[in-house]
Amino acid sequence: MSSVIIVILVTLGTLFVLLSAIGLVRMPDTYMRISVNTKAATLGVGLILVGTAVFFNDLSTTSRALVIILFVFLTAPVSAHLIGRASYFMGVRLWKGSIMDDLRGKYQKNSYILKSEIDDTPEDNIDHSKMKDK
């Protein structure tokens, strides 16, 4: 019975990692690629590690797998947010099919301050719609 559970967990984890790799190639811009990798790869790695913990059925291995899962689940969203924020500051353009840029006019490029409403000093704000294509 445990071998069936292990096969299911590892197979699902592998499929999520595969979907993450496909999404990395297929998504049109940096921000969507970050989103796909953070969600799918994190879940895939978590499932594979749970399958590993069930396979070895040892307290030492299980505790290590759980600590790794906790570490990945805590650090992946934070690192994805920081990469996305740095990309936005550097001027990486959104996909041309994006409907809305929620941050337009709210980030100041000189101080990197995020405002909750559109700032009244537009010369300091990052506006991707006015950037030239590279």
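Biologist: Before we start, helices here are DSSP runs of at least four residues, numbered from the N terminus. With that in mind, which pattern does the chain follow along the sequence?

Modeller: Happy to help, and please remember that this is a predicted model. The secondary structure comes to three helices and zero strands. Read along the sequence, the pattern is therefore written with helix symbols alone: α-α-α.

Biologist: Nice and clear. How is helix 2 oriented relative to helix 3, roughly parallel or roughly antiparallel?

Modeller: Helix 2 covers residues 30-56 and helix 3 covers residues 59-90, and their axes come within 9 Å. Those axes cross at roughly 175°. Angles over 145 degrees count as roughly antiparallel, so helix 2 is, relative to helix 3, roughly antiparallel.

Biologist: And how many charged residues are in the contact of helix 2 with helix 3?

Modeller: Let's go through the classes. The contact has 16 nonpolar residues and eight polar ones. As for charged residues, the number is no more than none: there are no charged.

Biologist: Between those two helices, what is unusual about the phi of Asn57?

Modeller: Asn57 sits in the loop between helix 2 and helix 3, and its relative accessible area of 68% makes it exposed. Most residues other than glycine have a negative phi. Asn57 is not a glycine, yet its phi is positive, at about 50°.

Biologist: Just before that loop, is Phe55 buried or exposed?

Modeller: Phe55 lies in helix 2. Its C-alpha is 6.4 Å from that of Ile6, although the two are 49 residues apart in sequence. The relative accessible area of Phe55 is 54%, and the cut-off is over 50%, so Phe55 counts as exposed.

Biologist: Let's turn to helix 1. How does Leu15 count by relative accessibility?

Modeller: Leu15 is found in helix 1, residues 2-26. A nonpolar surface patch of about 610 Å² includes Leu15, together with Val4, Ile8, Leu12, Leu18, Leu19 and Ile22. At 43% relative accessibility, Leu15 falls between the 20% and 50% cut-offs, so it counts as partly exposed.

Biologist: What is the C-alpha separation of Met27 and Trp95?

Modeller: Met27 is placed in the loop between helix 1 and helix 2, and at 27% relative accessibility it counts as partly exposed. Along the chain, Met27 and Trp95 are 68 residues apart. In space, their C-alpha atoms are separated by 9.4 Å.

Biologist: One last thing: what percentage of the residues count as buried?

Modeller: Buried means under 20% relative accessible area. The chain has 134 residues, and the share that counts as buried is 27%.

Notes: Residues are numbered from 1 along each chain as its sequence is written. This is a predicted model: local features need pLDDT of at least 70, side-chain atom pairs count only at pLDDT 80 or more; totals for chains, interfaces and linings use all residues. Side-chain values use heavy atoms; hydrogens and water are left out. Axes are lines fitted to C-alpha atoms, for helices over the stretch in contact, and angles run from 0 to 180 degrees between N-to-C directions. Angles under 35 degrees count as roughly parallel, over 145 as roughly antiparallel, 65 to 115 as roughly perpendicular and the rest as oblique. Ala, Val, Leu, Ile, Met, Phe, Trp, Tyr, Cys and Pro count as nonpolar, Asp, Glu, Lys and Arg as charged, and the others, Gly among them, as polar. Patches are made of residues with over 30% relative accessible area and no salt bridge: like charges are joined within 9 Å, nonpolar side chains (Val, Leu, Ile, Met, Phe, Trp, Tyr) within 5 Å. Accessible areas come from the Shrake-Rupley method with a 1.4 Å probe; for residues, only the protein chains shown count as cover. A salt bridge is a side-chain nitrogen of Lys or Arg within 4 Å of a carboxyl oxygen of Asp or Glu. Buried means under 20% relative accessible area, exposed over 50%, partly exposed in between (1.4 Å probe, protein chains only).
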